[in-house]
Amino acid sequence: MSLWRDNIGRMAGYVPGEQPQDRRYIKLNTNENPYPPSPRALAALAAFSGERLRLYPDPAADVLRDTAARVYGLPGRDWVLAGNGSDDLLTIGTRTFVDQGGALAHPEPSYSLYPVLAGLQGARAVAVPLDAEFALPADAAAQATAAGCSLFFLARPNAPTGNLFPRAVVETLCREFAGVVWIDEAYGDFAPDNCLDFPARFPNVVVSRTFSKSYSLAGARLGLALARPELIGQMLKAKDSYNVDALTQAVGVAALADQAYLQDRVAAIRRTRDRVAAALVGLGCVVCPSASNFLFVKPARIPAAAAFAGLREHGVLVRYFPGDRTGEYLRITVGTDEEMDLLLAAMRELAGAG
Ligand code: PMP
């Protein structure tokens, strides 16, 4: 008899992107934001009294939930759940909506945490293959239903591919799938449209957001889930009591209140993204259309694994996912213009073009 649960013994844990401590890299591997957080968030951090750390934080994070409801145009805080990053919310969602022995669905390729969450829950992960253009198949809901899934994780924009499933396609999925559709909008601020209106329109939809990308607060760990009060109420029971610390709650409220800064930085990242995508195409790379803050790129002339290693030698860290559908590509986070110029110079050299 082993000391641990069988499903834990059997599963492989999630592998996060490297956070190297040995040397300074141009860090384009974990989709962080190259710009600092909002000055208002930094001011809230500076004004936070350390004395307050003696006490537990507000377990429900109500000020943050009120602020989020206002910013996202929802009726009230009972439509919002705060998490220790959106990964925490994805875990809470799995616990709430998937039975042990049950199943959840996710597109393939997509965020590699989804099948890990199924493993932790003692449930099955059902991969719904995307087509050659990384589009969702028309029978996605039917596939998930036939496999007995009660939850469908859909990243929009998708990761690591960066593309945006059309709203109409997601609407069909929400209508046709009887379980919960969880629209993971971790990169939603970088996209031309979003599904923030879906929770009001569908009783079975959760939309999640993170502060790690567009808000430049990956180190603070904060995410939000938006859904009807019936779903939020069930998820509240499945979370750690104090899952968002007091400091992060204060910083999050200030960051949310500064939408002008957010929009300005998002616009800068989109401009850089589109410029770099065009330059990479000019080098002969294949670049997937991106609605996100990263590019999914098939390098010119050399295999992706070799480009990954070569870039590393040039001091540029990107993400490489070996495997059938993803192994020909690199996922490259959009950094500052200066960082991306160095990336382009290294890619040019690796492609032997100059
Ligand atoms: N969803 C997707 C699709 C992601 O790529 C990430 C980042 N790894 C997350 C959620 C989680 O982000 P965080 O926990 O930092 O909010």
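Analyst: Domain bounds come from an automatic or database domain assignment. On that footing, the protein has domain 1 (6–36 + 260–350) and domain 2 (39–257). Please keep in mind that this is a predicted model.

User: Happy to. How far apart are the C-alpha centres of domain 1 and domain 2, and how many residues of each are in contact?

Analyst: The C-alpha centres lie 23 Å apart. As for contact, 31 residues of domain 1 meet 34 residues of domain 2. These residues count because they have heavy atoms within 4.5 Å across the boundary.

User: What area do domain 1 and domain 2 bury between them, and on which atoms?

Analyst: About 2500 Å² is buried between domain 1 and domain 2, with 63% of it on carbon and sulfur atoms. On the side of domain 1, Tyr14, Ala291 and Arg325 supply 26% of the area buried against domain 2, more than any other three residues.

User: How many salt bridges does the rule find across the interface of domain 1 and domain 2, and how many residue pairs are in polar contact?

Analyst: The rule finds 0 salt bridges there. Residue pairs in polar contact number 14, both partners being at pLDDT 80 or more. Elements giving two or more residues to the side of domain 1 that touches domain 2 are helix H1 (6–10), helix H11 (259–282) and strand E10 (294–298). H11 gives the largest share of that side, 6 residues. By residue type, the side of domain 1 that touches domain 2 divides into 17 nonpolar, 9 polar and 5 charged.

User: Let's turn to the ligand. Which residues surround the ligand?

Analyst: The ligand has Gly85, Ser86, Asp87, Tyr111, Asp184, Ala186, Tyr187, Thr210, Ser212, Lys213 and Arg221 around it. They make the list because each has a heavy atom within 4 Å of the ligand.

User: What makes tyrosine 187 a polar contact of the ligand?

Analyst: An N or O atom in the side chain of tyrosine 187 is 2.7 Å from an oxygen atom of the ligand. The cut-off for a pair of N or O atoms is 3.5 Å, so tyrosine 187 qualifies. Two further pairs can be set against that cut-off. In tyrosine 111, a side-chain N or O atom is 3.2 Å from a nitrogen atom of the ligand. For aspartate 87, a polar backbone atom is 3.0 Å from an oxygen atom of the ligand. Both of these pairs are within 3.5 Å, so they too are polar contacts.

User: Why is the pair of arginine 312 and glutamate 18 called a salt bridge?

Analyst: The closest N and O atoms of arginine 312 and glutamate 18 are 2.7 Å apart. The rule asks for a side-chain nitrogen of Lys or Arg within 4 Å of a carboxyl oxygen of Asp or Glu, so the name fits. Arginine 312 sits in helix H12 (residues 304–313) and glutamate 18 in the loop between H1 and strand E1 (26–27), so this salt bridge ties together parts that are 294 residues apart in sequence. By this rule the full count is 18 salt bridges.

User: Which peptide bond is cis, with omega near 0°, and which is cis, with omega near 5°?

Analyst: The bond from glutamate 108 to proline 109 is cis, with omega near 0°. Proline 109 is placed in the loop between strand E3 (103–108) and helix H5 (113–121). The bond from alanine 159 to proline 160 is cis, with omega near 5°. Proline 160 is in the loop between strand E5 (151–155) and helix H7 (167–176).

User: And what is the phi of alanine 61?

Analyst: Alanine 61 has a positive phi of about 55°, although it is not a glycine. Alanine 61 lies in the loop between helix H2 (39–47) and helix H3 (62–71).

Note on methods:
Residues are numbered from 1 along each chain as its sequence is written. This is a predicted model: local features need pLDDT of at least 70, side-chain atom pairs count only at pLDDT 80 or more; totals for chains, interfaces and linings use all residues. Side-chain values use heavy atoms; hydrogens and water are left out. Buried area is the accessible area (1.4 Å probe) that two parts lose on being put together, summed over both. A polar contact is a pair of N or O atoms within 3.5 Å; within protein, one must be able to donate a hydrogen and the other to accept it, and residues adjacent in sequence count only if both atoms are side-chain atoms. Helices (H or I, at least four residues) and strands (E, at least two) are DSSP runs, numbered from the N terminus. Ala, Val, Leu, Ile, Met, Phe, Trp, Tyr, Cys and Pro count as nonpolar, Asp, Glu, Lys and Arg as charged, and the others, Gly among them, as polar.
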